[in-house]
There are 2 protein chains.
Amino acid sequence: MGITERREREKEEIRRKILDAARELFMTEGYDKVTMRRVADAIEYSPTTIYHHFEDKDDLVEALCHEDFAKLLQALDPAQMPADPIERLRQLGLAYARFALQNPNQYRFMFLTPREEHPHPEDSPGYQSFGVVRQMVADAKAAGRLRDDDVDAMAQTLWACVHGAVCLVTTFRPEQFPCVPPAPDLIERTVDASIRGLLKE
Amino acid sequence: MGITERREREKEEIRRKILDAARELFMTEGYDKVTMRRVADAIEYSPTTIYHHFEDKDDLVEALCHEDFAKLLQALDPAQMPADPIERLRQLGLAYARFALQNPNQYRFMFLTPREEHPHPEDSPGYQSFGVVRQMVADAKAAGRLRDDDVDAMAQTLWACVHGAVCLVTTFRPEQFPCVPPAPDLIERTVDASIRGLLKE
DNA sequence: CGCTATAAGTTAACGTTGTTAACACAGAGA
DNA sequence: TCTCTGTGTTAACAACGTTAACTTATAGCG
């Protein structure tokens, strides 16, 4: 009986429609402008329908980000990085930042929005991507290139620095930067300085 | 005619009441929970009254943060810092982070909330505090301790790194941190690594 | 086949929110 | 005394997330 399968396919189809319509709004206009009613309008269903596929608005956006962050995980693929452990870390930081700048709204929702109701699932690609950082720091340490022993702490330090640069650049438009416009290579500088700060001698 | 002066004093008084009531809500419950109606209830006026003192909700919160960030500027007072330019930078970063952790909601609103309608005034204490960083980096460079010449870029790099650590710590609760809980000294580590990354030799 | 439970969709509403129009009223200045 | 300005009110608007109540199709079962 392929009927239930067809039903499931149809259900999957509208879930897709919802996600794609929401992503369109989310990418161009941000979280606040993604309203259940606008998403519903876009797919020509009633707002209530969305609640048959997603628990609430946060659940919808979470699912949307889950998909997009899968692309981050791909972009951080260690296989595409150079051999030298330090140069690898550098490319990792740049790839991470590149994703964030290309998907600022997703990035904000994943890494900048406090959650009490719906914490991120631990196996979300956003979380997993930290695992990649961690592993690459461990490699650099194994190669004797890092000054410290605490791999987790060093990985978090690197993450914090790149995260900070990304946040500044995505929050302020250049003319809104305090005092002076952002250095055009602020991201690269931050990646470089934070890695250099962890190097042995 | 002290009448107009009394009027102005009274106007100032209720402005104070609004700000204090809003701050109470803002500090303990965050931006979303500061509603015009709750603020109005707290001071026993109608919601509309607030609009005679502030343009809109963002204007109110902006004024509130303006006051609080004056305290940041005090906390960054160079006179209270040690003599050695690098040690000064370190203490500056720690003081900055301390303020952010003590006033997370204000910090978010000032440095993490994109603005189109009401950009920060350029003379706001939040902006001015970047000037302090800039000056201290300039001093360190004048002392020949930094590897680079671009003072603005270096100041922004340091800012970005500390900002990132602060954002992580204030966004995620410890048990929500990806993979591993945050290193207890993540802030210090980030300050140290980022400064070390800018040092000469 | 006929009955029923379920899933998927709808309309209409509730309780919020920020904000504003319309109005009341006190009092300063002409 | 009249009028204008400032300060406050009530009542409403439009938009939001969400949900209760209802319809309708249909899969599964006797």
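## A look at the A–B pairing and three residues

Gln106(B) is buried, with a relative accessible area of just 1%. Please keep in mind that this is a predicted model. Here, 48 residues of chain A are in contact with 48 residues of chain B. The notes below start with that interface and then turn to individual residues.

**The interface between chain A and chain B**

- Interface size is often expressed as the accessible area that is lost when the parts come together.
- For chain A and chain B, the buried area comes to about 3900 Å², and carbon and sulfur atoms give 64% of it.
- On the chain A side, the residues losing the most area to chain B are Tyr127(A), Gln156(A) and Arg189(A); together they make up 14% of what that side buries.

**Charged and polar pairs across the interface**

- There are 3 salt bridges across the interface of chain A and chain B.
- Asp150(A) forms a salt bridge with Arg189(B), and their closest N and O atoms are 4.0 Å apart.
- Between the two chains, 16 residue pairs are in polar contact, counting pairs with both residues at pLDDT 80 or more.

**What chain A brings to the contact**

- Four helices of chain A, namely α6 (104–111), α7 (125–142), α8 (151–171) and α9 (186–196), each supply at least two residues of the side that touches chain B.
- Of these, α8(A) gives the most, with 13 residues.
- Sorted by type, the residues on this side of chain A divide into 25 nonpolar, 12 polar and 11 charged.

**Two residues of helix α6 in chain B**

- Gln106(B) is found in helix α6 of chain B, and Arg108(B) lies in that helix too, which covers residues 104–111.
- Setting aside neighbours within four places in sequence, Gln106(B) is in contact with Phe26(B), Met27(B), Leu64(B), Cys65(B), Asp68(B) and Phe69(B).
- Arg108(B) is buried yet has no salt bridge; the nearest side chain of opposite charge belongs to Asp32(B), 9.1 Å away.
- Not counting residues up to four places away in sequence, Arg108(B) touches Leu112(A), Thr113(A) and Pro114(A) in chain A, along with Thr113(B), Thr170(B) and Thr171(B) in chain B.

**An exposed residue in chain A**

- Asp41(A) is found in helix α2 of chain A, which runs over residues 36–43.
- Asp41(A) counts as exposed because its relative accessibility is 60%, and the cut-off for exposed is over 50%.
- Asp41(A) and Ala21(A) are 20 residues apart along the chain, and their C-alpha atoms are separated by 9.4 Å.

Definitions and conventions. Residues are numbered from 1 along each chain as its sequence is written. Chains are lettered from A and ligands numbered from 1 in the order in which they are written. This is a predicted model: local features need pLDDT of at least 70, side-chain atom pairs count only at pLDDT 80 or more; totals for chains, interfaces and linings use all residues. Side-chain values use heavy atoms; hydrogens and water are left out. Buried means under 20% relative accessible area, exposed over 50%, partly exposed in between (1.4 Å probe, protein chains only). Lys and Arg count as positive and Asp and Glu as negative; His and the chain ends are not counted. Contact means heavy atoms within 4.5 Å. Buried area is the accessible area (1.4 Å probe) that two parts lose on being put together, summed over both. A polar contact is a pair of N or O atoms within 3.5 Å; within protein, one must be able to donate a hydrogen and the other to accept it, and residues adjacent in sequence count only if both atoms are side-chain atoms. Ala, Val, Leu, Ile, Met, Phe, Trp, Tyr, Cys and Pro count as nonpolar, Asp, Glu, Lys and Arg as charged, and the others, Gly among them, as polar.
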